[in-house]
Amino acid sequence: MNRTIVPMLALLILAMPIMAFLGCGGDHPTGPAPNPGPDWPNALALPATDTETLDAVLALLADLREDPGIDAARDTLLARMVTGWPGLASAHLGTDGVTITLRFDDGAEAVLFTDESAFGAWIAPEPTLDAPAGSVGADKAALGCGDVVAPPNRKVHIVNVAGASNPETLGYTADLRQHLLDLGWDSDDIVISERSSFDDRSITPDTVFDQEGYGIVLFIGHGGFLYDDLGNEYFTLQAFRGGSYDGGYQDYVDEARWEQYRNWFHEGRLVSSTVWCEPDSAYQAHVSIRDDLLAEQMTLEEGALVSFICCNSIQLDDELTSLGAGSVLGWDGSMNGFDGMNTWRALLSALSDPDDPQSDAEALDTLHRMDLGYSSGHAGERTEMELGGDERDWRLPVSPEFRAPTDCLPDGAATCEFSVHFPDCPELDTESVVEIGGTVTLPPMAPATAEIEVRIADASGNTLAAGLFERDLGAGVGPIDLCPCEGGLQLDLTGYPDMGMYAAASADIELSYGDPTLAGASYDLGLPLTNLDGLIPGQVTLDVAVLSEAGDVLGTTTITEDVHCGDPRTASFCIGWLSVSAANYPTDATEIRVTAPNEPHALPTELSFPPDGTGGLYGFALGSTVSLEAEAFNGLGVSLGTAQTEVTIGCGENEVDVAFSEFGIILEASPEQADPDGQDQIVVTATLRGWQDGDVAVPSGDPVAGETVTFDTSLGNFVGGDQGVSDGAGRVSVPLVSDEAGLATVRAFVVEAGVESSPIQVSFGNLLTYVIDQLPVDYSGYDETDHEDWWISWYCCVFERWHNDELRLRMDDDGYLYTFIRKTQLQVGDTLRLRWTPIGGCWDGPSELSPVYLHYFFSTDYEHQVTVQLFPGVDPLTGVADMEHTFVNPLAAGPRFPGPSGADCRVLLADEKK
């Protein structure tokens with residue numbers, strides 16, 4: 001862990017004298033010449049001159065420590081070195097107060113560990129057959145689940161790098177191994193790697209680096225601090241003996257790897273160090289690993305617990321966490337090895353308590369309550385084991401035993417299949433089979449809450465019974481019996497309409513099992529819903545239709561639930577419906593009509609409400625996307641515009657606005673008639689304008705530029721294409737031609753805005769002019785100003801005018817309505833139909849008949865006029881009166897006056913024009 005030096009006092013005490021020792025000036029006015037670096041030997045050792053300097057430092061320390069002790073000797077040694085020591089450029093005391101960084105004149109460096117109390121007197125080790133080992137191979141990823149993290153196994157690796165310099169630690173490892181065996185560990189899951197003697201070369205940096213395959217790692221060794229030449233402080237961990245490749249390392253390291261060690265040594269990331277050896281009463285040479293190299297090279301099993309019997313070891317928290325450690329337990333300063341050993345024993349006992357296994361944080365709290373997890377530093381200060389690593393609770397993995405006892409299984413049971421499902425981490429799920437009456441133990445599993453699903457089948461594979469229940473695998477789990485059971489569902493309908501004619505009254509439910517060998521069931525339940533009992537545990541699917549009192553389907557939904565053993569679990573579900581309103585509707589609109597044309601069960605089939613009101617639509621599947629089409633009408637029944645929108649059905653009432661466009665399209669043609677020769681053009685112009693107050697069917701606001709307009713025609717072709725972009729005046733013009741005679745219906749659209757114009761009709765060939773009034777005489781000689789007494793009126797009826805099955809006018813009122821109709825839009829062979837529909841509840845006076853006459857001719861050719869009296873055909877059930885006429889050629893036919901007939905709705909002469 002790289003840290004910028006903070007203690008300014010140490011800098012002032014140590015750095016300033018060294019600067020004086022280095023001096024300045026001479027032949028180099030800008031400072032001394034750059035140091036070319038040390039003349040490194042082939043071995044992992046200091047250059048000879050640096051070794052001599054270090055030996056002299058250690059000799060003085062040995063003399064000084066005899067009386068009054070190491071602490072006073074350290075202070076005296078530092079004072080001597082900072083006043084100037086041949087071969088030394090600087091000496092820094094680490095923030096732990098015991099490690100000293102020596103920087104030599106050639107740039108090489110060494111760390112002097114002066115904490116002689118870290119490990120106590122020698123303890124004779126118990127015999128062990130464990131050989132030093134490397135990686136045992138990774139099992140799989142961590143078993144972390146939710147708030148819990150666990151390694152994939154319980155294998156323990158104890159790495160004792162202090163065994164040669166401090167042989168009492170060999171007693172620690174023997175004691176800890178036995179403690180693990182007493183806690184139930186298998187001996188094959190305990191690996192100890194340690195240097196048993198000073199000449200033992202089996203421990204190398206890779207022994208420290210390679211921790212794959214181990215769920216728990218314990219390091220025993222010296223830890224201290226190193227200062228580089230920039231003033232950065234690094235933690236260093238004692239690693240191995242060092243020396244030359246041919247000094248006993250050939251059996252453990254290949255030559256290429258050793259060369260990599262040498263490179264790291266020259267870079268200062270493997271560092272010469274010395275540690276106190278109590279049996280020899282002398283300092284021994286070692287090599288330590290700097291924390292940045294450790295972070296770069298170490299491989300950990302994901303989720304592993306890494307702990308230390310090592311001073312200052314919590315400094316490695318960040319590095320180990322970044323490598324995937326699930327928990328890091330280290331010391332916050334210098335400490336005593338016996339305290340570390342006792343702490344680790346108690347820690348493993350708490351983590352593996354068979355009745356109440358604890359997490360790392362819980363175990364550390366338990367230790368502290370027992371006055372463990374503490375130690376005394378080199379100066380008598382109180383130090384503490386601290387917790388780092390993953391913020392989740394670290395726990396040991398579990399390997400539960402599963403049993404299929406015959407006394408709880410149904411007759412005919414042939415197989416017992418089961419699965420362990422972790423809801424928070426399904427990637428850890430596992431499946432297995434156990435013999436009837438037998439047991440099976442699964443590999444390590446996450447110590448978290450799991451769902452155990454059981455399926456008991458006969459010899460043919462058909463399910464006889466099942467079970468589904470929860471178990472906390474981290475709370476002292478014992479054998480788990482795989483017994484079947486029954487369960488149920490408590491149905492909770494959380495969202496449904498409860499007022500008006502579409503209030504929910506009941507629900508039809510179709511239940512099916514996820515197991516295809518099980519038969520489903522049907523339920524017809526009133527509200528409130530009752531429980532579904534006696535279900536076979538496992539996954540079930542409910543297809544629900546909620547009905548009104550009349551039996552109409554108000555909405556549907558499909559839910560999937562797990563049925564567990566025991567008391568019914570709540571299955572909450574809902575349906576959704578629409579509350580529809582309109583936005584940006586034309587100001588003259590008096591009615592909004594909304595349909596869902598692609599929804600066969602929509603209720604009502606057409607929804608009508610005032611523009612400022614709302615209406616309800618029902619009959620949809622929860623989660624489906626519904627397309628709505630809306631149309632606005634004025635009081636005369638004239639369509640003012642359309643709108644479309646989509647909505648995804650959620651629970652309960654879904655409020656949705658159908659927004660009409662903020663602009664409309666005025667469609668015009670000039671001329672309105674052309675020859676059907678494929679050359680003569682009719683120019684169709686669409687003008688886009690915004691809607692504003694007072695507009696009825698025609699927008700009069702500002703022009704709308706930049707919109708793509710698409711044209712459509714029922715006859716002919718547009719010259720140059722059917723699209724254009726509106727200009728600054730909001731206009732787009734396209735020429736229309738046809739080589740076929742007839743009437744062309746033309747529309748314009750802005751597709752992206754959902755805007756459509758009202759259609760216009762133009763003619764290729766001659767158009768007929770027709771007049772509808774109450775005069776039986778020829779129309780010649782009259783114009784529109786002469787019709788004061790010719791208007792026809794009706795009341796209590798809806799009047800409609802159709803051209804070739806296309807509605808062109810709709811008027812309705814319960815009072816008098818008046819009309820005089822003159823249009824030039826049809827041609828020979830076309831059909832005109834008039835319809836009167838009685839309005840229910842209206843006053844019904846005596847039946848009378850007034851004449852309705854149709855006059856038509858080619859424009860201004862009054863000499864060849866056809867005048868026809870129209871007679872209604874009345875539907876006796878509905879009272880609807882229809883009058884229809886197909887136009888003939890006025891040049892070939894004279895006037896005709898068919899005989900009179902009657903109608904249920906009255907067509908009366910008007911005394912005056914409305």
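The protein chain contains 10 helices and 61 strands. The model is a predicted one. Of the 914 residues in the chain, 51% count as buried. Among contacts between residues at least 6 apart in sequence, 67% join residues at least 24 apart.

**Helix packing**

Two packed helices are described by the angle between their axes and the distance between the axes. Two such pairs are described here.

Helix α2 covers residues 48–65, and its axis comes within 8 Å of that of α3, the two crossing at roughly 140 degrees. The helices α2 and α3 are therefore oblique to each other. The crossing of α2 over α3 is right-handed. On the α2 side the contact is made by V57, L60, L61, L64 and R65, and on the α3 side by I70, A73, R74, T76, L77, R80 and M81.

Helix α3, which spans residues 70–82, also holds A79. The relative accessible area of A79 is 40%, so this residue is partly exposed. From A79 to A91 the C-alpha to C-alpha distance is 9.7 Å, with their positions 12 residues apart in sequence.

The second pair is α9 (residues 337–351) with α10 (residues 360–369), whose axes lie 9 Å apart at an angle of about 130 degrees. That angle makes α9 oblique to α10. Their crossing is right-handed. From α9, the residues T343, A346, L347, A350 and L351 meet D360, A363 and L367 of α10.

**S327 and its surroundings**

D360 of α10, which takes part in the packing against α9, also has a side-chain partner in a strand. The side chains of S327 and D360 are joined by a polar contact of 2.8 Å. S327 belongs to strand β16, residues 327–331. With 0% relative accessibility, S327 counts as buried. Apart from neighbours within four places in sequence, S327 is in contact with A304, L305, V306, D360, L387, G388, G389 and W394.

**C416 and its surroundings**

C416 sits in strand β21, which runs over residues 415–421. C416 is buried, its relative accessible area being 0%. If residues up to four places away in sequence are not counted, C416 touches A404, S432, V433, V434, I436, V454, R455, I456 and L482. For one of these, S432, the C-alpha atom is 8.8 Å from that of C416, and the two residues are 16 apart in sequence. Another contact of C416, R455, takes part in a salt bridge with D515.

**Salt bridges**

Side chains of opposite charge can pair when their charged atoms come close. The structure holds 25 salt bridges, and the table gives three of them.

| Salt bridge | N to O distance |
|---|---|
| R455 and D515 | 3.2 Å |
| R269 and E267 | 3.4 Å |
| R835 and E800 | 3.8 Å |

The side chains of R455 and D515 meet at 3.2 Å, N to O. This pair links distant parts of the chain, 60 residues apart: R455 is in strand β24 (residues 449–457), and D515 is in the loop between β28 (504–513) and β29 (521–526). D515 is buried, with a relative accessible area of 16%.

In the bridge between R269 and E267, the partners have these accessibilities. R269 is buried at a relative accessible area of 13%, whereas E267 counts as partly exposed at 48% relative accessibility.

The third bridge joins R835 to E800, with the closest N and O atoms 3.8 Å apart. R835 is in strand β56 (residues 831–838) and E800 in strand β53 (residues 792–803), so the pair ties together parts that are 35 residues apart in sequence. R835 is partly exposed, with a relative accessible area of 23%, while E800 is buried, with a relative accessible area of 12%. Both residues belong to one network, in which salt bridges that share partners join E800, D805, R810, R833, R835, D882 and E884.

Methods:
Residues numbered from 1 in each chain as written. Predicted model: local features only at pLDDT ≥ 70, side-chain atom pairs only at ≥ 80, totals over all residues. Heavy atoms only, no water. Salt bridge = Lys/Arg side-chain N within 4 Å of Asp/Glu carboxyl O. Buried < 20%, exposed > 50% of the residue type's maximum accessible area, 1.4 Å probe, protein only. Helix = DSSP H or I, 4+ residues; strand = E, 2+ residues; numbered from the N terminus. Polar contact = N/O pair within 3.5 Å; in protein donor to acceptor, adjacent residues only side chain to side chain. Contact = heavy atoms within 4.5 Å. Axes fitted to C-alpha atoms, helices over the stretch in contact; angles between N-to-C directions. Parallel < 35°, antiparallel > 145°, perpendicular 65-115°, else oblique. Left-handed = near helix turned anticlockwise from the far one by under 90°.
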